[in-house]
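Q: Please take a close look at one part of this model. Then work outward from there, step by step.

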Amino acid sequence: MKTRERLIKGSGGAAISLAAALLLAPALMAAVTVGSSRALNRLVTPNGDSRNDTFMFKCHNPSELLVRGEIFDLKGRKVADMVRDMSAPIDDFYYMEWDPNLGLRAAGGVYIYQITAGETVLKGTIVVVR
Ligand SMILES: [Ca+2]
């Protein structure tokens, strides 16, 4: 009950917050959309044993936005583009994949992935172990 009273007393502030929330609504919706997006593995061991041989990112994308996945080294140089795994199950997710053995064979070390879906950008680090 105390919380409710406080909300009523602070109705002026609440009105401003509501206006702000409406302005931010698209961003908040995007935030909800990416909430279940995640890297499926952060350790990549491209030795051909079918365990973590590639980096996989599961991107929640129910609106089927254009999704781009890029891999950078720690100096910010682009190493590779990720590709969408079309063999993945058809659901609300895009499965983005990077195989460090494709193209220029990536050396072992730390890399940064950047997933861009619409206006949302998700970044993180992964480690390739040779
Ligand atoms: Ca492996």
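A: S50 counts as exposed, because it has 7 C-beta neighbours inside 10 Å. The cut-offs, with C-beta atoms placed from the backbone, are these: 20 or more other C-beta atoms within 10 Å make a residue buried, 12 or fewer make it exposed, and anything in between is partly exposed. This is a predicted model, in which local features need pLDDT of at least 70 and side-chain atom pairs count only at pLDDT 80 or more, while totals for chains, interfaces and linings use all residues. Residues are numbered from 1 along each chain as its sequence is written.

S50 sits in the loop between β2 (43-44) and β3. Its phi is positive, at about 65°, although S50 is not a glycine. N52 belongs to the loop between β2 and β3 as well. N52 is not a glycine either, yet its phi is positive at about 55°. N52 counts as partly exposed, because 17 other C-beta atoms lie within 10 Å.

Now step back to the whole chain. It has two helices and nine strands. Both kinds of element are DSSP runs numbered from the N terminus: helices are H or I with at least four residues, strands are E with at least two. From the N terminus on, the order is α-α-β-β-β-β-β-β-β-β-β. The chain has 130 residues, and 16% of them count as buried.

Follow the loop back to β2. This strand is at an edge of an open sheet of five strands, β2-β9-β8-β4-β5, with mixed pairing. Strands pair when DSSP finds at least two bridges between them. The other edge strand is β5 (78-81); each edge strand pairs on one side only. β2 runs parallel to β9 (residues 120-128), with two bridges between them. There, L43 has V127 as its bridge partner. β9 is also joined to β8, antiparallel, by nine bridges. One bridge links Y111 with I126 in β9. β8 and β9 form a hairpin with two residues between them, and G118 in the turn has a positive phi of about 60°. Further along the sheet, β4 and β5 run antiparallel over three bridges. I71 faces A80 in β5.

Follow the loop forward to β3. This strand lies in a four-stranded open sheet, β1-β3-β7-β6, with antiparallel pairing. Its edge strands are β1 (38-39) and β6 (83-84), each pairing on one side only. β6 pairs with β7 over two bridges, in the antiparallel sense. V83 stands opposite E97 in β7.

Last, the interior. A nonpolar core is a set of buried Ala, Val, Leu, Ile, Met, Phe, Trp, Tyr and Cys residues joined through C-beta atoms within 7 Å. The largest one has 17 residues, and F57, C59, V67, M96, Y113 and I115 touch the most other members. The elements giving two or more residues to this core are β3 (55-60), β4 (67-73), β7 (93-98) and β8 (109-117). Take Y113. Beyond its neighbours within four places in sequence, Y113 contacts F55, F57, G69, I71, K123, G124 and I126. A contact means C-beta atoms, placed from the backbone, within 7 Å. Chain-wide, among contacts between residues at least 6 apart in sequence, 53% join residues at least 24 apart.

Notes
Two residues are in contact if their C-beta atoms, placed from the backbone, lie within 7 Å.
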